[in-house]
Amino acid sequence: MPVLTNPATSEQVTDEKEGKAQEGCTSNMVQLRSVTKTYANGCHALLDVNLEIKNKEFLFITGPSGSGKSTLLRLLYGEELPTQGEVVVNGCNVTTLRGDRLSLLRRRIGIVFQDYKLIPQRTVAENVTFVLQAQGYTRKEIQRRLEPTLKLVGLLSKADCFPDQLSGGEQQRVSIARAIVGTPPLILADEPTGNLDPDNSWQVMQILRKLNSFGATIIVTTHDEQLVRRCNRPVVQVRNGKLYQLTVNS
Ligand SMILES: Nc1ncnc2c1ncn2[C@@H]1O[C@H](COP(=O)(O)OP(=O)(O)OP(=O)(O)O)[C@@H](O)[C@H]1O
């Protein structure tokens, strides 16, 4: 069965009234308030979008190519600024954060990309711990975090391998390990299974589901409708710059 739009809920996920009702609510990990994103070339990626994602939620974001899924995630970690509206993440207004305060927020967000973005000259362990070193964690603390993280993604035995010695699925799991080693409460995954076969895709989703069960809020963009159905989690679709809630029929 395809993912179907439920006509009864085919509307912006949070309308203005609901948004007001939620004001001051601290259980939201993410809030987009009347967000419009127009790029310098005039491309309207998002149009007056409202969205609330609660702590510990697991949400899929789907939509056609070029519909604005990556833009939405980039707004959440401050890589892009909205043209209008506000983006609030973990209680911080990303729209107004700059410099050190933005860096601090980013430490609280784990990001997973479709193309892994590993450093080829560094081992798995070094790729995973690189950011912690840059953030001034002690050697002891880094070691304390490394082993359980690699274990969780099933790569303990590959700690000394270099990225080109790993399969695509393994490389993606290294990038997940790197995203979670600092135990961020929010994990953003932009097409994390885009380059993977179904088995590896499922493995990645199982890891993300496990992290969610540990309490992390997870937001995943994907084109993979089969995977979305199999996971049976809430889905928001981006279409023509707007957000629509979908029902999932597995
Ligand atoms: N830096 C940019 N400058 C101008 N336009 C951009 C920029 N980044 C994205 N866009 C445009 O904004 C729209 C949304 O892009 P975005 O990358 O968010 O889509 P997407 O849904 O993630 O696509 P895909 O599924 O193909 O990755 C597209 O029309 C794209 O061409």
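**Strand β8, the nonpolar core and the ligand shell**

Leu-59 stands opposite Ile-219 in β8. That pairing is a handy place to begin a tour of this structure, which is a predicted model. Leu-59 lies within strand β3 (residues 58–62), and β3 and β8 run parallel to one another, joined over four bridges. Strand β8 also has a parallel partner in strand β7 (residues 186–190), with five bridges between the two. Here Leu-186 is found opposite Thr-217 of β8.

How many residues of strand β8 (residues 217–221) are buried? The count is five of its five residues. Burial applies to both faces of the strand: Thr-217, Ile-219 and Thr-221 are covered on one side, while Ile-218 and Val-220 are covered on the other. In the chain as a whole, buried residues account for 38% of the 250 residues.

In soluble globular proteins, nonpolar side chains tend to be buried together. In this model, the largest nonpolar core contains 59 residues, and Ala-177, Ile-187 and Leu-188 have the most contacts inside it. Domain 1 (1–108 + 184–250) and domain 2 (115–182) each supply at least three residues to this core. Leu-188 offers a closer view of such packing: leaving aside residues up to four places away in sequence, it touches Leu-73, Leu-76, Tyr-77, Ile-109, Ile-111 and Ile-219. Ile-219 thus links back to the opening pair, as the residue of β8 that stands opposite Leu-59.

Turning to the overall layout, the chain holds eight helices and 10 strands. Of the contacts between residues at least 6 apart in sequence, 69% connect residues at least 24 apart. The domain assignment divides the chain into domain 1 (1–108 + 184–250) and domain 2 (115–182). Where the two domains meet, 11 residues of domain 1 are in contact with 12 residues of domain 2. Helix α7 (residues 198–213) provides five residues, the largest share of the side of domain 1 that touches domain 2. Sorted by class, that side of domain 1 consists of seven nonpolar, three polar and one charged residues.

Finally, there is the ligand. Which residues surround the ligand? They are Tyr-39, Asn-41, Cys-43, Ala-45, Gly-63, Ser-65, Gly-66, Ser-67, Gly-68, Lys-69, Ser-70 and Thr-71. Helix α2 (residues 69–76) makes the biggest contribution to this shell, giving three residues. By class, the shell comprises eight polar, three nonpolar and one charged residues.

Definitions and conventions: Residues are numbered from 1 along each chain as its sequence is written. This is a predicted model: local features need pLDDT of at least 70, side-chain atom pairs count only at pLDDT 80 or more; totals for chains, interfaces and linings use all residues. A residue is near a molecule or strand if its C-beta atom, placed from the backbone, lies within 6 Å of it. Ala, Val, Leu, Ile, Met, Phe, Trp, Tyr, Cys and Pro count as nonpolar, Asp, Glu, Lys and Arg as charged, and the others, Gly among them, as polar. A nonpolar core is a set of buried Ala, Val, Leu, Ile, Met, Phe, Trp, Tyr and Cys residues joined through C-beta atoms within 7 Å. A residue is buried if 20 or more other C-beta atoms lie within 10 Å of its own, exposed if 12 or fewer, and partly exposed in between; C-beta atoms are placed from the backbone. Domain bounds come from an automatic or database domain assignment. Two residues are in contact if their C-beta atoms, placed from the backbone, lie within 7 Å. Two strands pair if DSSP finds at least two bridges between them.
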